[in-house]
Each structure stands twice: as structure tokens, then as C-alpha cells.
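Thank you for making time this morning. I would like to walk through one model with you, beginning inside a chain and then moving outward to the contacts it makes.

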2 protein chains.
Amino acid sequence: MTAKRVRIREVAERAGVSTGTVSNVLNHPEAVSETTRTHILAVMRDLNFVRDASARQLRVGESQTVGVIVRDLSNPFYMELARGIEDRLAQDNCLMMVCSSDEDPDRESRYIRLFAEQGVRGMLITPFRDTSEQIEMLDTLHIPTVLLDALSTTAQSVSVDHVDGARQAIRHLLDQGHRRIGFINGPPELRPCQERAAGAAQAIEEYGLDVAEVLVTTAVGTMSTDSGQEGMAKLLASGGATRTTGLVARAVCPVTAVFCINDFVAIGALRELRRHGLVVPTDVAVVGYDDIIFAREMMVPLTSVRQPMHDLGWTAVEMLLTGQPAKHVSFQPQLIVRASSLADQRG
Amino acid sequence: MTAKRVRIREVAERAGVSTGTVSNVLNHPEAVSETTRTHILAVMRDLNFVRDASARQLRVGESQTVGVIVRDLSNPFYMELARGIEDRLAQDNCLMMVCSSDEDPDRESRYIRLFAEQGVRGMLITPFRDTSEQIEMLDTLHIPTVLLDALSTTAQSVSVDHVDGARQAIRHLLDQGHRRIGFINGPPELRPCQERAAGAAQAIEEYGLDVAEVLVTTAVGTMSTDSGQEGMAKLLASGGATRTTGLVARAVCPVTAVFCINDFVAIGALRELRRHGLVVPTDVAVVGYDDIIFAREMMVPLTSVRQPMHDLGWTAVEMLLTGQPAKHVSFQPQLIVRASSLADQRG
DNA sequence: AGCGCGGATTGAAGCGATTCAGTCTGCCAC
DNA sequence: GTGGCAGACTGAATCGCTTCAATCCGCGCT
């Protein structure tokens, strides 16, 4: 029962050298002769020496940790992001401290302060409103910060191009011949929703078509399956009558395709379509957003816009650690085409 | 552009007191007179003072961080767990450092060492094999550790009762009248798989039935949708013939219900059943495990065994921080019944 | 033999907060 | 008037590591 942690001094004594040499083995091995180095390393192993990072940090003023604030850790959307961050940090032997802001400014401030006290190398923050005030504070503390999934004029930031993502989705539907396309948008006050709406319109214009004629937009309050179902119901209601084809009565769908702001919403939309006896993709094509892991596993695999979250996290850390001059890095999303939007591959 | 961080000394000077008093404001406010305390706090705010945690930690030998190692951070299964950990830590103003072992012993060791260097208050580890060796090492370093989702004789641990989870699932199917039940198990060398198999058998015995007659087991190598599909295919193949009912040709299913080792596997099983024209739950009932968020969102909402991961994380931290005497805490899972196993609620 | 040089090693200073033995002050009791 | 005491405050020592000026040593060169 050894009561205390082994210090560098014990190692030095046992190895018959000074503490400076032991420290050099740890930090400047090339400055120590082969013989003493291996000897000291052996002693370290014997004594089970573990270097105290807080003492080191106090002295050199640099830590091995990075703080990460996401909106909600339990949201699978952030998982891949976190993984990208971790993978890049591992290269520099760094660790990440993660927490959730829950979109609560107080929580966020509290965590930022805790991180500052810890002397993190930098912070990665997924802001949920204008955080320029906080950033300034961090600036005066000389703590580099990169905003995730945001565009900032004051700080470094990385994000995925929502305009382009929506454009790809709509272009794909137009390519498939659709000329009446529903768009179930999320809360219009959210930046990503605005941008995706813009991207959708842009794609239609690029095809020389009239946006007002092609796009039927409806917005829902939350990005959940229930909202998606509700949104789809609204779209269907705007269509009107019921038609009887063959033996089955079917709702007449006012659109031949639906672009959903997110995969959850798409799942809800699929549910409502099915409830009305409409078949995907034969009657209506559906495209989602985010490409959550289940998109491909669904009964009708869902076409979706994939965001390179792993790269996003990786690059954010890269910017943080290397102090890149780049102010903002934007990633291109990628449309993953699956059965839910491919009318000709049915059967 | 203030070049350096404000130290406690600056605050003391500016406030016309000694560093000791400033420190007391931070750590023993009751020992400082009302007047000076508020004055010092004001000065701190003015100067934007942020206390250096590494210096504090060096002196008092106690940090505000906890290390967490999960198998793979990008697995949604761990999200809720992480959230439970975070929520409990927040109460004590602690932060968590998270990382993924990827089931690689070297990575795991590396992270454990990093955590030890950081002087974490404790560690939460999701082991993937026998880690008693590592734990012993941590023991000599006096770093408390709680194993997650594991049962250990040497260390503290928390887990969910797999035997009971499987028992609930099978009991439910027996209640529904099923007497030939398929079981798509995972790799039989994994402890949870063994335990669930045991629980399944136990439930059948409790009903006074013959396990060999009721349960048709098949095992798959990985816990993926593809494996699930494959496993279901095997089950169906063991049945043999094809029957023609009404207008449709259908495979004869040798079982009337299937219990899957996990929801991904269940998704694969559903896919295969559908491919054979078998309807869930009319022809075959399906039960999964884990109750992933999508279980309820599926075309046929999936009955699944829910594990209280949030509580698990919360309790693990509780044990860590309060040094509970309890060696092991086991949680009860809960069967969430949905349409996929309720034959009588169809239509 | 003496000099110079460079690589290896030493050891004390210092990072910033906390602690604690001690001082200082004011006040009450006798 | 003096002693005693509690409450408020002080400041030097300390935590373990890194750093760097200084020292030491061995060797080749003149």
C-alpha cells in the first residue's frame, strides 16, 4: 500500500541522477545519453511513475485538453462529430472534455468558464445564438475557439453548406422528372432552415422553372417524426380529393415528391403517406436530410443528404491546434440516393 | 491587449489585501468579512479573473474531472449513458473527458494512463475483456474506478440485468401464445449474449415448457442489420416449404415469433421476413433489444427491451464521487411493447 | 601538456493557488 | 488599566514539474 504517487524526485534518487535529467527523458529525450535514458525509463517502470499533468501544466502553461460544447450529447447527430474531434485530438495526445449546453445560456457560460479555468488548449462550441460576447471574453483570455456548424465573423468556424445540400436534393428530384415538389421545412427562424429553403429555390431556378409553381412549402415547429407526419398531412390536405385506382382508394397527392428538412421529419412523412395508401417511391418520392444511420435501414431506404460530420470535427480541431489562418471552412454535403427517390428502380 | 492571465496576486494588490484573503474568498468565504469579500469579488470581475485549476489541483491534489472510456463514441447506444454521466457530474461542477477504446487494448491503456496523468477524480470504463490488471494499477494509484455494463469482482461496477431483460421478452411472447420462438443471438462468447440466452431459457422453464422444443436458436457473428437478415434467413431455411395462402405464395415460417439480440439485428430480421412476404406481427412477432430511438419510429413499431442507460451513467458517477460501499449495482431493464409483437392489435 | 569544445548533467528558481502558523485589532470583562 | 479572546487578515512555504545557466567531463588538436 504505497500511500503517495511517485514523484519525479523519487525516480531521480533511485536512478542516481538529478530531477532535471529525469524531466529531460520525458521532454527532451534526445538530450539524454542512451544509457541513462534507458536506465531511467526502467526505473520509472519499476516505480510505476505517472507524471503529474497539473504540475506540468502549471509550469509550461499548456494543457492537453480541449473543451467541447454541443447542444445535446444524447443527440446521435453529434456522435460522429465527437468522433471526428476525438480522432484528430488523439494524434496530439490530447483529450476532450464534452458537455451539453441544452441551449441554455447559463449552462453554456458556466461550462465556458470551467473550461477556461482548466486551461484548455481551445474550445469547440456549437452555438445556438449569437455568442460573439462570449467569444470576445475567450479572446482576451487567449483561448482559441472554433464554432461548429456556424458561420461567424468574429471567430473561426466550420460548417456544412446547407444551401448546396438542399440544391443537390432538389436537383436530384427534378432530374427524376418531378415538377411538383413538397418541402417540409423546420422552424423558419433557424439559419439552416433558411439556407436549405434558399438552396431548394436556387435549384429550381437553375432549371429555368418557376419556384412558386414547383415548390409547395410547409413548415413545422419541431424536427420530430410527429411534426413530419403533421407536415405531410398538411401537404396532402392542400391537395384535396381522393381517387380510386384499380381496387384501392388513394388520396390524390398534390406533389410527386417531398423534400424533408431532416430524416426524422422524413420518417414521419413516410408514415403519413403510408397511412393514406400512397407508395414510396412509386406515388411519391421522399428525400431527407442528415443521413442518420437508420436512413439506409428503413423498409424503403431513404435518400438523404449526408453531412461530413467526422471531417467537420477533425478540421475544427486542426484549426484549433495549428492556429490556421482560415477564418471559416465550409464543407460540401453529399446526396446519398436510395430507393425512396428512385421511381424507376422499384420492384 | 492584456498579455497574461490575471493571477490571484493582481487581484490581491488591486484590492489592497493579501493573496491569502483572496484565496479565502474562493475557498472559505465564511472566513472573510462581508465588506472585503464583496470588494474582492468586484475586483475579480473588473479584472476578469479566472482561477487556474492546474495550480489549485497541484496544491490540493484533487481535480474536477472524470475520465470516461466507452467502446465507440459514435455508437448511439452510449449517448444516453454519456448524458447520464454528464448530468450527475454537473451537480458537482465536474467535467468529463470521454474517449473511445475501439476495443483496442493499447488505446485503452493509453487513455487510462493519460487520465491518470491528468489526475482525474475517477474513471468510468466500459471494458471489453478482463481488465482486472488495469484496475489493479489504478488501485495502486488510488484512482477510483467504476466499470460500466460489466460485472467485476475486483472493482465497482454497474450493469443492466441481461437475464431479466431476455426473460421479460420471452415471457411476453409466451403470454401472446407463441410456442415456437426463434432466437437470433449474437456472438456466444460475449457475456451479455450468454446471459440473454440464459434468461430466455429461464422464462420458458418458468412456464413449465420444454426449452428445446420452444426455442430455436441461431447465432450471428456481428450485431448488424445484415447479420440479422442472415440470421432470419437461416431460421426460415430451417423451416422448409412454401405455402400458398389465398393469392400469395408465402414461406412457411418455422416459428411464430423471433427474439433478436438487438434492434439492429431485429431490423435485419424484419427485412428478411418482408422479403418472404411474411407480415409482422400477424405471421411473425418480433422483439428487439436496446430500444434504440428508431425502434418506435419504424413502419411497424418495434417491441424492444429498454435499458436505463441514463440511470446507469448517473449511478456510476454517484458511486465514484461518494465512494459508495456498494460493489455492484444492477439495473432492471424494461420491456417496451409495441405493434411488432401484438398480434391482436393489428388493423 | 594544455586548451577548447560540445555533449551530458546538475540544481535551484519559479509557475499560481492554498494553507496555516502567526500577527493585528478591537472589544469586553474584571 | 490590563488581560484575554475571537475574528480578520497576512505571507511564506508548499505542491511536482520544467527550464536554463552553470558545471563537469572526455576527447581531439596544437
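**From a covered strand to the DNA**

Let me begin with strand β3 of chain A, residues 122-125, which is covered on both faces, since G122(A) and L124(A) on one side and M123(A) and I125(A) on the other are all buried; buried here means that 20 or more other C-beta atoms, placed from the backbone, lie within 10 Å of the residue's own. Before going on, I should say that this is a predicted model, in which local features need pLDDT of at least 70, side-chain atom pairs count only at pLDDT 80 or more, and totals for chains, interfaces and linings use all residues. Residues are numbered from 1 along each chain as its sequence is written, while chains are lettered from A and ligands numbered from 1 in the order in which they are written.

Helices (H or I, at least four residues) and strands (E, at least two) are DSSP runs, numbered from the N terminus, and two strands pair if DSSP finds at least two bridges between them. On that basis β3(A) pairs in the parallel sense with β1(A), residues 65-70, over four bridges, with L124(A) as the partner of V68(A). Three bridges also join β3(A), again in parallel, to β4(A), residues 145-148, where T145(A) stands opposite M123(A).

Which strands pair between the chains? β2(A), residues 95-100, and β2(B) do so, in the antiparallel sense and over three bridges, and M96(A) has V98(B) as its bridge partner. The contact as a whole, counting residues whose C-beta atoms, placed from the backbone, lie within 7 Å, takes 39 residues from chain B and 39 residues from chain A. On the chain B side, β2(B) provides the largest share, six residues.

Turning to helix α13 of chain B, residues 309-322, its 14 residues should span 20 Å at 1.5 Å a residue (1.5 Å times one less than the number of residues), and the end C-alpha atoms are 20 Å apart, which agrees. Among its buried residues are W314(B) and L320(B), and the elements covering the buried residues include β1, α5 and β13 of chain B. The helix is followed by G323(B), whose phi is positive, near 55°.

Finally, the DNA: of the 27 residues around strand D, I8(A), G20(A), A55(A), S18(B) and G20(B) come nearest, where a residue is near if its C-beta atom, placed from the backbone, lies within 6 Å. The most, six residues, comes from α2(A).

Notes
Two residues are in contact if their C-beta atoms, placed from the backbone, lie within 7 Å. A residue is buried if 20 or more other C-beta atoms lie within 10 Å of its own, exposed if 12 or fewer, and partly exposed in between; C-beta atoms are placed from the backbone.
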